[in-house]
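Open the model in your viewer and keep the selection tool ready. We will go step by step.

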Amino acid sequence: MLAKLSMAAALGLTLALAAGFAGALHPAFDSFAHLRLHVAGLLVVAGLVMAWLGARRTGAGAATVAILAAVATLAGPFWHSPAAAGAWTLQQDVARYRLLQLNLRFDHPDPKRVLSLIAREHPDIVTLNEVSPRWRTALEPIAAAYPYRLVCAASAGVGGVAILSRRPFAADARRACTLNGRFAHAGIDLGGTTVRVAAVHFGWPWPSRQAAEAARLAPVIAALDGPTILAGDFNATPWSAFFSRFVADGGFEPPPRLGATWLYHALPQALRPALGLPIDHVMTRQGVRLVQTRRGADAGSDHVPVVADFVLDAPANAAPATTVARAAGR
């Protein structure tokens, strides 16, 4: 009985892996892709069980398929991105800016941990997801440090997105919320150059509404002209067909892979990174270059902060000095 169960499990897991690699054919297949590494791990276990029960060749074959799938996933074209390693050589006179992206967790038990993180990282721009009504109040203590803000109300209970900035919004740039408060964009004046900053929180993959949301946002994102940064919780792994297509269609540079950014807090601490998912991303296009992207310290959310340092390829000509808001005592 155990041999039959392990064989059936191995067959089902192999089919799930195959479906994930066919994600471009239909979103239903692509849903399997997000959990590809988890499925591969389970297939290795099934293979070991079969080998232990005497079916050594079959077990070895199952384990080999799993390992090849994992290697193909982790050896993606932008896994070793220079941006992730901070490998760009910067001139001393090039201004360097910082963006912090975080899914707050709408019911966060200790908001002060997030405020402390922001104070330590001191980003120029903060993009946030799951900004629930209680978070609107919890963010008030940093209003003086980040007076330029766009906070979107959402019909969903988990809240909308927000963009907070120490640097002023560009006077000639439109600011707007859409996608029921889960997408926001604003033009921010960085040394005289208007950079379009957008925050997004996509829904879950098929059978949920993720693909439909991306289609709805496509013309909005296409209309964001000039240097652009898009950050958020995409609920999509970088090796999924959905994410690859979204990056290509939007004209973005493939973002660096950082490892798991969603960590299930009910799991033991040691297991969270291994069983988490890399679904929070920061990407750029048209003159914005990421120079270092990393995971920030745990701030009590079920998502890890993403900290992205970036530069502008072309400094503005004769740009006026811009106002930078600073917290008291800094």
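Two strands count as paired if DSSP finds at least two bridges between them. Keep that rule in mind, and remember that this is a predicted model.

**The whole chain.** Select the protein chain. You will find ten helices and eleven strands. Of its 330 residues, 49% count as buried. The chain exposes about 15,400 Å². Carbon and sulfur atoms supply 61% of that area. Now think about contacts between residues at least 6 apart in sequence: 68% of them join residues at least 24 apart.

**The sheet.** In what order do the six strands of the open sheet lie? Select them one by one: S3, S4, S2, S1, S11, S10. The pairing is mixed.

**The edges.** Select 148-151 for strand S3, then 288-295 for strand S10. Why is one side of each left without a neighbour in the sheet? Both stand at the edges with a single partner strand each, so one side has no neighbour there. Look along the sheet next: from one strand to the next, the twist averages 15°.

**One edge in detail.** Keep S10 selected and add residues 306-312, which make up strand S11. These two strands run antiparallel, and seven bridges join them. Pick out Arg 295: its bridge partner in S11 is Val 306.

**The helix on the sheet.** Select residues 112-121. This is helix H6, which packs on the sheet. Which strands does H6 touch? Show S1 (97-103) and S2 (125-131), then S10 and S11: H6 touches these four strands. Finally, compare directions: H6 makes about 165° with S1.

Key: Residues are numbered from 1 along each chain as its sequence is written. This is a predicted model: local features need pLDDT of at least 70, side-chain atom pairs count only at pLDDT 80 or more; totals for chains, interfaces and linings use all residues. Side-chain values use heavy atoms; hydrogens and water are left out. Axes are lines fitted to C-alpha atoms, for helices over the stretch in contact, and angles run from 0 to 180 degrees between N-to-C directions. Contact means heavy atoms within 4.5 Å. Buried means under 20% relative accessible area, exposed over 50%, partly exposed in between (1.4 Å probe, protein chains only). Accessible areas come from the Shrake-Rupley method with a 1.4 Å probe; for residues, only the protein chains shown count as cover.
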